[in-house]
Amino acid sequence: QVQLVESGGGLVQSGGSLRLSCAASGSIFRINTMGWYRQAPGKQRELVANIPDGGSANYADSVKGRFTIARDNAKTSVYLQMNSLQPEDTAVYYCHALVTLALGVKRYYWGQGTQVTVSS
């Protein structure tokens with residue numbers, strides 16, 4: 001099994017910053033892509049940013065220039081630095097990973113979610 005454990009959410013004022021972290025553990029052969037999605041009340045879950053192994057990061061237009069995604073050298077953790085936060089960034093943020101398991105099987109995994117609330 002593979003687990004994704006998130007941390008770093010919380011309450012911040014508009015214009016503030018937060019850093020989210022996500023660590024993967026379990027029977028992992030390789031993590032192809034790691035990233036972050038978010039879901040605000042009454043809205044669909046949307047991609048915030050992701051970063052493939054050895055590739056370039058992708059960002060939603062709404063966060064470009066404010067958020068930065070990065071992976072650690074071991075490629076089993078992903079971070080999201082969020083600056084200039086706005087009330088519209090309020091959502092539950094979910095870590096996401098596309099993982100290659102033994103025998104080449106690929107599966108998607110999700111973290112449990114961490115709440116980010118930005119007050120105006």
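Which residues have the most contacts inside the largest nonpolar core? They are Met34, Trp36, Leu80, Met82 and Tyr93. The model is predicted.

## Nonpolar core

The largest nonpolar core holds 31 residues. Eight strands each supply at least two of them: β1 (2-7), β3 (18-26), β4 (30-39), β5 (46-52), β7, β8, β9 and β11 (114-119). The largest share comes from β9, with five residues.

In soluble globular proteins, nonpolar side chains tend to be buried together.

## Aromatic cluster and a charge over the rings

Tyr37, Tyr94 and Trp110 form one aromatic cluster. The count of aromatic pairs is two. Tyr37 and Trp110 make an edge-to-face pair, with 5.0 Å from centre to centre and 70 degrees between the planes. Tyr37 sits in strand β4 and Trp110 in strand β10 (residues 106-110), so this pair ties together parts that are 73 residues apart in sequence. Tyr37 is partly exposed, at 21% relative accessible area. Trp110 is also partly exposed, at 37%.

The other pair is Tyr94 and Trp110. Their ring centres are 6.5 Å apart and their planes stand at 85 degrees, so this pair is edge-to-face. Tyr94 belongs to strand β9 and Trp110 to strand β10, so the pair ties together parts that are 16 residues apart in sequence. Tyr94 is buried, because its relative accessible area is 15% and the cut-off for buried is under 20%.

Arg45 adds a charge to this picture. Its charged end sits over the ring of Tyr94, 3.7 Å from the ring centre. Arg45 also lies over the face of Trp110, at 4.7 Å from the ring centre.

## The β7–β8 hairpin

Strands β7 (67-71) and β8 (77-82) run antiparallel and are joined by five bridges. They form a hairpin with five residues between them. Thr68 stands opposite Gln81 in β8.

Which residues make up the covered face of β7, and which the uncovered one? Phe67, Ile69 and Arg71 form the covered face. Thr68 and Ala70 form the uncovered face.

## Two positive phi angles

Most residues other than glycine have a negative phi. Two residues here depart from that pattern. Lys75, in the turn of the β7–β8 hairpin, has a positive phi of about 65 degrees, although Lys75 is not a glycine. Its relative accessible area is 33%, so Lys75 counts as partly exposed.

Ser84 is not a glycine either, and has a positive phi of about 50 degrees. Ser84 lies in the loop between β8 and β9 (91-100). At 36% relative accessibility, Ser84 is partly exposed.

## Salt bridges

How many salt bridges does the structure hold? There are six. Side chains of opposite charge can pair when their charged atoms come close.

Lys75 appears again here, in a salt bridge with Asp53. The closest N and O atoms of this pair are 2.9 Å apart. The pair links distant parts of the chain: Asp53 is in the loop between β5 and β6 (58-59), Lys75 is in the loop between β7 and β8, and the two are 22 residues apart. Asp53 is partly exposed, at 24% relative accessibility.

Arg38, Glu46, Arg66 and Asp89 are linked in a network of salt bridges. Within that network, the side chains of Glu46 and Arg38 meet at 2.8 Å, N to O. Buried or exposed: which describes Arg38? Arg38 is buried, with a relative accessible area of 5%. Its partner Glu46 is partly exposed, at 37%. Elsewhere, Lys64 forms a salt bridge with Asp61, with 3.1 Å between the closest N and O atoms. Asp61 is exposed, because its relative accessible area is 63% and the cut-off for exposed is over 50%.

How values were computed: Residues numbered from 1 in each chain as written. Predicted model: local features only at pLDDT ≥ 70, side-chain atom pairs only at ≥ 80, totals over all residues. Heavy atoms only, no water. Helix = DSSP H or I, 4+ residues; strand = E, 2+ residues; numbered from the N terminus. Buried < 20%, exposed > 50% of the residue type's maximum accessible area, 1.4 Å probe, protein only. Core = buried A, V, L, I, M, F, W, Y, C linked by side-chain atoms within 4.5 Å. Phe/Tyr/Trp six-rings, centres within 6.5 Å; stacked < 30°, edge-to-face > 60°. Lys NZ or Arg CZ within 6 Å of the ring centre and 35° of its normal. Pairing = 2+ DSSP bridges. Salt bridge = Lys/Arg side-chain N within 4 Å of Asp/Glu carboxyl O.
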